[in-house]
Amino acid sequence: MENLRWKAFFMLDKRKGGFIGNRFEQVKTAYRIGTSMADTKARIRQLIDHAVATTDFYKPYGPGAELQDLPVVNKTIFKEQYEAFQSSRYKGAEGNRIMSTSGSTGTPFAMIQNKEKASSNTADSIFMGTLANYFIGQKQAFVRVWVNNVKKSKLRLMMENSMMIDSSSLKDERLEEITQLLIKGKVRCLVGYASALGELGAYIKRQGVDPKKFRISSVIPISENMPVGTRRMLSELFDAPVRSWYSNEENGIMGVQTDDEDEAYYINSESYYYEILKMDSDEPAEDGELGRIVITDLTNYAFPVIRYDNGDTAVACHEDMGDGRFRLFLKELYGRRSDLIYDTKGRAVTPYLITNNMWDVAGVDQFRFIQKDVKDYELRLNGDQDKMDIADMLGRIRPTLGEDANIDVVFVDEIPVLASGKRKYIENICPAYKGR
């Protein structure tokens, strides 16, 4: 039945003109041989010409404006000048859709997408799914907080062979319910917030549930960085690849991890042009240098997204595929700039150096690491204190920050999740770094 669903989807698409199927093959080919830089430049030129001609925001830049002539924008600018970014040619067009962000970790926002953009997103998602060992038609469970603006109808769930699993509560009683839903529903693909999937996996291990009861063949964490140890634990538990997606509501699924032993994300350059800019200026960062992710969406013409600083940071690597083609990987993806932490000398530190050193610590059920000042940090711990080796923990973390780091250890009964159901492992509240 699952294989029939896959074939039926593409047969129906072919009857409608085959846009999604053709796009799928285009993205698949680009993954294999790379994206043409010449084609990318031509598509950027076409998008800018369209934006200058049809939006009030870009009109002042005039015909012939180059990408570097245009400003770097962010979600706040989009919100403040929402009407100015909308294309007059696509305003109210049939097939437009609205994608809304919750704003749980930032600024809420509603993105308009034209029909072709939405169809491109579908094709992109299908291909990115295959890189994570998920194929449409397989039974999928989506674990997240299901607020009203993202809930799916029963008909859509049936068509997608999918089930919504709410993670508002992650107490043992609810984790047991979720475990049974996965077993009874014969779920093949498990998608959800990284923190929720991590706690679910830890619960299943703790309860000694027989892994053979599950049929899971793919695990896809979203929205949060998953610590290496958690990823490894889930992979061993379900005997399945664990491949995080890199995505957001305003753009779509943009990248995916492609190797069980590598944390790098392959970025779909057929749909998105990425600039990695320096942390303190709009100059390009070198490959291997930490920088800000700035996105140009090559397929959205209803609301042109050009040089969008989405608040994330990464270390990039461009792979020369020959014949003017390239592939882009984010070798390290740090997430929100506001959540970066810094060592005692003011140098940015990847959160992985904290999370990866905490994943296998005995006695720790949950943790949160907070930078409170330039040299002052706090490690909040929830779990069995008798089993915790505090000296070992601090010995792992301190070299990353500097030997003069002041690290306070605080024991708590619970590390609360955000309203969205996500859980922050790393947080920076140091006044010196606010607004960086």
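**Exercise 1. Place N133 and D239.**
Task: In this predicted model, find which loop holds N133, and decide whether N133 is buried, partly exposed or exposed.

Solution.
- Step 1. N133 lies in the loop between helix 6 (115-131) and strand 4 (140-144).
- Step 2. Its relative accessible area is 30%. Partly exposed covers the range between 20% and 50%, so N133 is partly exposed.
- Step 3. Look at the backbone. Phi of N133 is near 70 degrees, a positive value in a residue that is not glycine.
- Step 4. Turn to D239. Phi of D239 is near 50 degrees, again positive in a residue other than glycine.
- Step 5. D239 sits in the loop between helix 10 and strand 8 (245-248). Its relative accessible area is 71%. Exposed means over 50%, so D239 is exposed.

**Exercise 2. Classify a ring pair.**
Task: Work out how the rings of F85 and F303 are arranged, and which parts of the chain they tie together.

Solution.
- Step 1. Start from the total. The model has 24 aromatic pairs.
- Step 2. Take the rings of F85 and F303. Their centres are 5.6 Å apart and their planes meet at 15 degrees. Stacked pairs need planes under 30 degrees apart, so this pair is stacked.
- Step 3. Locate both partners. F85 belongs to helix 5 (residues 82-85), and F303 to the loop between strand 12 (290-297) and strand 13 (308-322). The pair therefore ties together parts that are 218 residues apart in sequence.
- Step 4. Check the surroundings. F85 has 0% relative accessibility and counts as buried. F303 also has 0% and counts as buried.
- Step 5. Repeat for F369 and Y377. Their ring centres are 5.7 Å apart and their planes are at 25 degrees, so they too are stacked. F369 is buried at 0% relative accessible area, and Y377 is buried at 1%.

**Exercise 3. Follow a cluster of rings.**
Task: Name the residues that ring pairs link into a cluster with Y31, and find what charged end sits over the ring of Y31.

Solution.
- Step 1. Trace the ring pairs. They link Y31 with W6, F9, F10, F24, F127, F135, Y266 and F329.
- Step 2. Look above the ring of Y31. The charged end of R327 sits over it, 5.2 Å from the ring centre.

**Exercise 4. Describe a pocket.**
Task: For the second largest pocket, state the volume, the residues closest to its centre and the element that supplies the largest share of its lining.

Solution.
- Step 1. The volume is about 950 Å³.
- Step 2. The lining has 35 residues, and those closest to the centre are G198, E199, A202, V364 and D365.
- Step 3. Sort the lining by element. Helix 8 (172-184), helix 9 (194-207), helix 10 (228-238) and strand 17 (364-371) each give at least two residues.
- Step 4. Helix 9 gives the largest share of this lining, 6 residues.
- Step 5. Sort the lining by class. There are 14 nonpolar, 10 polar and 11 charged residues.

**Exercise 5. Two residues of one loop.**
Task: Determine whether R307 and T299 are buried or exposed, and list what each contacts.

Solution.
- Step 1. R307 is in the loop between strand 12 and strand 13. T299 is in the loop between strand 12 and strand 13 as well.
- Step 2. R307 has 4% relative accessibility and counts as buried. T299 has 8% and counts as buried. The limit for buried is under 20%.
- Step 3. Set aside neighbours within four places in sequence. R307 then touches twelve listed partners, among them L67, Q68, E275, D282 and T296.- Step 4. With neighbours within four places again set aside, T299 is in contact with R23, R43, N114, K117, S120 and S271.

**Exercise 6. Sequence distance and space.**
Task: How far apart, in sequence and in space, are K75 and G311, and how far apart are E332 and K372?

Solution.
- Step 1. K75 lies in helix 4 (residues 75-80). Its relative accessible area is 14%, so K75 is buried.
- Step 2. K75 and G311 are 236 residues apart in sequence, and 8.9 Å apart in space from C-alpha to C-alpha.
- Step 3. E332 lies in strand 14 (residues 325-336). With a relative accessible area of 30%, E332 is partly exposed.
- Step 4. E332 and K372 are 40 residues apart in sequence, and 24 Å apart in space from C-alpha to C-alpha.

Terms used
Residues are numbered from 1 along each chain as its sequence is written. This is a predicted model: local features need pLDDT of at least 70, side-chain atom pairs count only at pLDDT 80 or more; totals for chains, interfaces and linings use all residues. Side-chain values use heavy atoms; hydrogens and water are left out. Rings of Phe, Tyr and Trp (its six-membered ring) pair if their centres lie within 6.5 Å; planes under 30 degrees apart count as stacked, over 60 as edge-to-face and the rest as tilted. Helices (H or I, at least four residues) and strands (E, at least two) are DSSP runs, numbered from the N terminus. Buried means under 20% relative accessible area, exposed over 50%, partly exposed in between (1.4 Å probe, protein chains only). A charge sits over a ring if NZ of Lys or CZ of Arg is within 6 Å of the ring centre and within 35 degrees of the ring normal. On a 1 Å grid over the protein atoms alone, a cavity is a set of points where a 1.4 Å probe fits but cannot get out, and a pocket is an open set with protein on both sides within 12 Å along at least five of seven lines; lining residues have an atom within 4 Å of a point. Grid points are joined across faces, edges and corners, and a volume is the space filled by probe spheres set on the points. Ala, Val, Leu, Ile, Met, Phe, Trp, Tyr, Cys and Pro count as nonpolar, Asp, Glu, Lys and Arg as charged, and the others, Gly among them, as polar. Contact means heavy atoms within 4.5 Å.
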